[in-house]
There are 2 protein chains.
Amino acid sequence: MVRKPARSDVKAAASTRKPNMREAILAAAEELFSTYGFNAVSVRDIAQAAGANPGSVTYHFRTKDGLLLEIYRRHCGPMNRRRSELLAAARRVRDLQDRLEAIVRAYVLPAFTSGSDLAGGGTRFTRLRAIMSAEGNEVVRKIIAQTFDDTSHAFIDAIHESLPHIPRTDLVWRSHFLLGALYYTLVTPERVSRLSRGSADGTDAGHAIEELVRATVAALQAAPLDEGAPRKIPAANPGRVVT
Amino acid sequence: MVRKPARSDVKAAASTRKPNMREAILAAAEELFSTYGFNAVSVRDIAQAAGANPGSVTYHFRTKDGLLLEIYRRHCGPMNRRRSELLAAARRVRDLQDRLEAIVRAYVLPAFTSGSDLAGGGTRFTRLRAIMSAEGNEVVRKIIAQTFDDTSHAFIDAIHESLPHIPRTDLVWRSHFLLGALYYTLVTPERVSRLSRGSADGTDAGHAIEELVRATVAALQAAPLDEGAPRKIPAANPGRVVT
DNA sequence: GTCTATATTCAGATAGAC
DNA sequence: GTCTATCTGAATATAGAC
């Protein structure tokens, strides 16, 4: 995906010792951040991986946060656009059960497939988002609230249309669980492989999607807490637990 | 929990300027790690919060990793013991539906209530575990595989007994999703509050547990992927996505 | 406009004072 | 046995060379 320079004259060669150093830095940063987290990776690590000088990173992106910001800018647009497309298509599905499943799929799929360029770009970026939310990065927190909340609301509303008898609040919780499950699967896929004793491959994104969609659709359809069938109060949990 | 010194003579007072500095360091570290993550917090930060000298931390715990290890040692024992107790009780529930719910509750509850001493200790520790799994800390990875896999297997097996017609592999996926949902709720509770437009409080652990249990029980009971009713191949996902 | 050499602050860990 | 003063290396960001 590196654009070949139009002319390879001396001047151009001199001013770009490595073709598109900026892109190389971005790619290296994305790879390292999504693997080790933001805080664990230094600007020096990134520069080294990209074959650049540490200061070169600062020149292109001002700060380490700026670099992260640019990675988000790259991915958020395409990803949310794809989500909107898929959601619009899902809403046109007639059968209610099928529609709900299509909506969930429309939410999950772009997290894996999206990404402007490389194969696995979407997965890598979503993994990065998972790590960033755990690390509580302040820069990212703002981006998320600004960029993703609209999409999240749109999905919750669409789900609510398919399940009008379930209070919106419950659907918020359940779609929140969906995102948590999605993130966790991308962060520690090897745990699935381990606990299944090899009968499942946690890194198989296609399979993960299917399992996640199936589980989520069932969870969304569950009776809400208020109007559920009367249940015994479990001995283990007599009262509410306070944080 | 701070043991009072048997004698408060001059020598004892001199050797302990602050009572139980070791405990103060542990408490400060747990608080900071579970709030900002492991990599974002420096030994100096911890020392300052505990009113200690940075080197004092190294004396008590050798390394920063050692400090983390000790925090895990403190919590894992009580937590898994409580889980075993609750699981044993749950397995004795006769009604299959109720039993399944009790099992899930036995898994989730100790993540909130456990913790040797302070209120919210369990929640704080589980939040820490969530962050650590995202940061991919190598020290923790080993502890988890050693300490938690037995418990996880026990729970999956118990669930499988309640749902024998569902392949164990699917149950592994679904209980994995449970843990992810639990972690994510502890990591970003404010997102629930935001998306619900204030009608839910993400930090209300009691409510979170109820929502999580309800959703998970439904997810666990869903038809497995293999033998589900025949479904249309969704246009959006013609093939498997490769990571 | 792009990158290298350098400055300054701060990290984790040590060796010796109490 | 416990903690303080200090060392060494690495962090981000700058200011100036190309």
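A polar contact here is a pair of N or O atoms within 3.5 Å; within protein, one must be able to donate a hydrogen and the other to accept it, and residues adjacent in sequence count only if both atoms are side-chain atoms. Everything below comes from a predicted model, where local features need pLDDT of at least 70, side-chain atom pairs count only at pLDDT 80 or more, and totals for chains, interfaces and linings use all residues. Residues are numbered from 1 along each chain as its sequence is written, chains are lettered from A and ligands numbered from 1 in the order in which they are written, and side-chain values use heavy atoms, with hydrogens and water left out.

**View 1. DNA strand C and the residues around it.**
A phosphate oxygen of DNA strand C sits 2.5 Å from an N or O atom in the side chain of A:His60. Chain B joins in too: a polar side-chain atom of B:Arg44 is 3.3 Å from a phosphate oxygen of this strand, and one of B:Ser42 is 3.5 Å from a phosphate oxygen. Altogether 15 residues surround DNA strand C, and the closest are A:Asn53, A:Tyr59, A:His60, B:Val43 and B:Arg44 (a residue is near a molecule or strand if one of its heavy atoms lies within 4 Å of it). Of the strand C atoms that come within 4 Å of the protein, sugar and phosphate make up 62%.

**View 2. Which elements face DNA strand C?**
H4(A) gives the largest share of this surface, with 4 residues. Helices and strands here are DSSP runs (H or I, at least four residues, for helices; E, at least two, for strands), numbered from the N terminus. By class, the surface near DNA strand C has 4 nonpolar, 9 polar and 2 charged residues. For that split, Ala, Val, Leu, Ile, Met, Phe, Trp, Tyr, Cys and Pro count as nonpolar, Asp, Glu, Lys and Arg as charged, and the others, Gly among them, as polar.

**View 3. DNA strand D and the residues around it.**
Here 15 residues surround the strand, and A:Val43, A:Arg44, B:Asn53, B:Tyr59 and B:His60 are the closest. Sugar and phosphate account for 59% of the strand D atoms that come within 4 Å of the protein. Look for B:Tyr59, with a polar side-chain atom 2.9 Å from a phosphate oxygen of DNA strand D. On chain A, an N or O atom in the side chain of A:Arg44 is 3.4 Å from a phosphate oxygen of the strand, while A:Lys64 uses a polar backbone atom, 3.4 Å from a phosphate oxygen. Two or more residues each come from helix H3 (43-50) and H4 of chain A and from H4 of chain B. H4(B) gives the most to this surface, with 4 residues, and the class split is 4 nonpolar, 9 polar and 2 charged.

**View 4. Where chain B meets chain A.**
Each chain puts 80 residues into the contact (contact means heavy atoms within 4.5 Å). The size of an interface is often given as the accessible area lost when the parts come together. For chain B and chain A that buried area is about 7,200 Å², with 59% of it on carbon and sulfur atoms (accessible area, 1.4 Å probe, that two parts lose on being put together, summed over both). B:Trp173, B:His176 and B:Arg214 supply 11% of the area that chain B buries against chain A, more than any other three residues.

**View 5. Polar links between the chains.**
The interface holds 4 salt bridges (a side-chain nitrogen of Lys or Arg within 4 Å of a carboxyl oxygen of Asp or Glu). B:Arg141 forms a salt bridge with A:Glu190, with the closest N and O atoms 3.5 Å apart. Between the two chains, 18 residue pairs are in polar contact, both residues at pLDDT 80 or more. H10(B) gives the most to the side of chain B that touches chain A, with 15 residues. That side has 36 nonpolar, 22 polar and 22 charged residues.

**View 6. A:Ser133 and A:Thr188: buried or exposed?**
A:Ser133, in helix H7 (residues 121-135) of chain A, is buried because its relative accessible area is 10% (buried means under 20%, exposed over 50%, partly exposed in between; 1.4 Å probe, protein chains only). Leaving out residues up to four places away in sequence, A:Ser133 touches A:Tyr183, B:Tyr184, B:Val187 and B:Thr188. A:Thr188 is in the loop between helix H10 (168-187) and helix H11 (189-195) of chain A. With a relative accessible area of 7%, A:Thr188 is buried as well. With the same exclusion of residues up to four places away, A:Thr188 touches B:Ser133 and B:His176. A:Thr188 and A:Arg127 are 61 residues apart in sequence and 9.7 Å apart in space, C-alpha to C-alpha.
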